[in-house]
Amino acid sequence: MEPAGVYERIHQFSNRADPYRLYTELRDTPVARQEDGSYVVSTYREIVALLHDPRVSSDRRNLAEPAHADQDALPSAFIGLDPPEHDRLRRLTMRHFGPPHSPGKVDAMRAELLEIITGLIDGVAGRARADLVDDIAYPFPVTVICRLLGVPREDEPRFHRWAEEIVETIGPGEGDRDERARRRQAAVLELGRYLGELAEAHRRDPGDDVLSGLVTDQGPDGPMSGTEVITTSALLLIAGHETTVNLIANGMLTLLRDPPLLERLRREPDLVVHTVEELLRCEPPVHFLPQRVALDDIAIAGVTIPKGASIVLALASGSRDPAHVHDPDRFDPDRPYIQHLGFGGGVHHCFGAPLARLEAQIALRELARRLVNPRLVTDPPPYRPSSTLRGPRHLDIEYDDVI
Ligand code: HEM
């Protein structure tokens with residue numbers, strides 16, 4: 001049997017705890033053609049160029065050979081569309097997160113975020129052991145996105161499974177491709193049906209939440225269709241669900257491995273802002289954008305990506321490119337200049353970045369302040385299956401007290 005190529009090895013589960021030495025190898029060929037005809041791009045400059053290139057589409061229908069497994073049971077949300085459709089739906093959604101250039105909904109939630117995290121940390125007081133994923137990092141952003149959207153928190157166990165199924169089938173994984181696609185379709189359909197019913201209830205009886213806004217807004221360019229409301233709210237629910245958990249968990253893992261840094265954060269809480277930025281560079285939740293397509297022949301780094309080819313942007317590799325950042329594998333929140341690809345870039349730059357940043361800053365600051373002498377129980381921790389959205393499945397710690 002041929003030895004697996006470097007990109008293939010990155011996706012093997014045994015490399016989940018440390019994919020970074022493989023990214024170093026990957027960057028030897030900045031634009032690497034894979035056996036299946038896709039192109040993996042791993043260096044900072046090339047990724048940024050393609051994120052901003054209008055000849056690069058996010059719509060899989062532009063693939064030269066659209067695979068059956070790529071066709072979803074519902075149309076794409078705006079993350080999988082190109083301008084002008086993408087822009088129309090993103091603008092309509094943005095209106096319900098507060099007008100541009102004003103503090104908006106996210107800033108108004110600051111006190112609420114603190115109240116939620118305080119309750120979760122209180123919940124592990126009186127114990128000597130906790131799982132930072134199940135007890136804190138997961139319930140925190142889920143509670144927040146449910147409140148923002150107007151999704152009843154008690155329904156969470158129902159859509160948790162669908163969301164995990166959808167996320168685990170983004171990008172390559174282990175197991176049969178068609179079987180993974182079937183599981184994904186089933187989850188997309190069930191989540192769609194659930195959100196369709198919920199949207200109907202909000203249309204009849206609107207509240208002060210984003211879903212009510214989406215169903216009632218007539219918008220400057222006309223209202224969203226019923227299907228667009230479903231795909232947009234599913235996107236927000238999943239994105240608000242399955243990414244911030246990894247940022248908080250990766251963050252606590254990094255801090256627990258470096259007790260002097262954790263102690264410094266306790267003494268200098270303002271350090272949390274740069275700590276979160278350095279985490280987005282060094283230990284980001286999103287490692288790959290696997291969904292881009294070339295709309296034309298694109299010459300880059302000595303290679304021509306042919307029209308219709310699939311392009312994978314290796315964001316986590318780009319953020320550790322030594323041509324972009326000095327001593328890239330060192331975690332250093334004191335860097336004078338932290339520029340990363342953690343939230344992507346260009347027209348699809350993460351819509352939830354202000355919320356995700358605020359959540360991670362508040363969670364890490366409060367955990368550092370309140371946990372007395374926390375220690376990791378298992379290092380490395382067990383990881384989630386996905387190599388694309390990467391983070392620990394559990395993060396067990398022991399501690400002396402909670403203040
Ligand atoms: C897009 C990362 C949290 C909503 C993206 C993209 C990345 C990303 C890399 C670009 C996708 C692409 O170009 O194809 C993250 C990370 C998060 C996070 C690392 C947490 C630490 C959130 C939250 C929300 C959210 C909390 C919801 C409020 C979105 C949406 C898009 C997006 C709607 C699509 C934007 C578009 O296509 O215009 N995110 N995200 N994200 N994110 Fe996030």
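In this predicted model, helix 6 (residues 110–123) comes out at the length its residue count calls for: at 1.5 Å a residue, its 14 residues should span 20 Å, and the C-alpha atoms at its two ends are indeed 20 Å apart. Its buried residues are L113, I116, I117 and I121. These four cover an arc of only 130° around the axis, so they end up on the same side of helix 6. Turn to the face pointing away from that buried side, and the exposed residues A111, E115, G119 and D122 show up. As for what sits over the buried residues of helix 6, the cover includes helix 7 (132–137), helix 8 (139–149), helix 17 (353–370) and strand 12 (401–402).

Helix 13 (residues 244–256) tells another story. Its 13 residues reach 18 Å from the first C-alpha to the last, close to the 18 Å expected at 1.5 Å a residue. Twelve of those 13 residues are buried, which means that helix 13 is largely enclosed by the rest of the structure. The buried set is made up of T244, V245, N246, L247, I248, A249, N250, G251, M252, L253, L255 and L256.

Next come the helix pairs. Helix 10 (residues 177–204) packs against helix 12 (residues 226–242) at an angle of about 110°, and their axes lie 9 Å apart. An angle from 65 to 115 degrees counts as roughly perpendicular, so helix 10 is roughly perpendicular to helix 12. The contact involves L191, G192, L195, G196 and A199 on the helix 10 side, with V229, I230, S233 and A234 coming from helix 12. As helix 10 passes helix 12, the crossing is right-handed.

Helix 10 also packs with helix 9 (residues 156–168), here at an angle of about 140° and with the axes 9 Å apart. That angle makes helix 9 oblique to helix 10. The crossing of this pair is left-handed. On the helix 9 side, R158, F159, W162, E165 and I166 take part, and they meet R183, R184, A187, V188, E190, L191 and Y194 of helix 10. L191 of helix 10 therefore turns up in both places, in the contact with helix 12 and in the one with helix 9.

Conventions: Residues numbered from 1 in each chain as written. Predicted model: local features only at pLDDT ≥ 70, side-chain atom pairs only at ≥ 80, totals over all residues. Expected span 1.5 Å × (residues − 1). Buried ≥ 20, exposed ≤ 12 C-beta atoms within 10 Å, placed from the backbone. Arc of directions from axis to C-beta. Contact = placed C-beta atoms within 7 Å. Axes fitted to C-alpha atoms, helices over the stretch in contact; angles between N-to-C directions. Parallel < 35°, antiparallel > 145°, perpendicular 65-115°, else oblique. Left-handed = near helix turned anticlockwise from the far one by under 90°.
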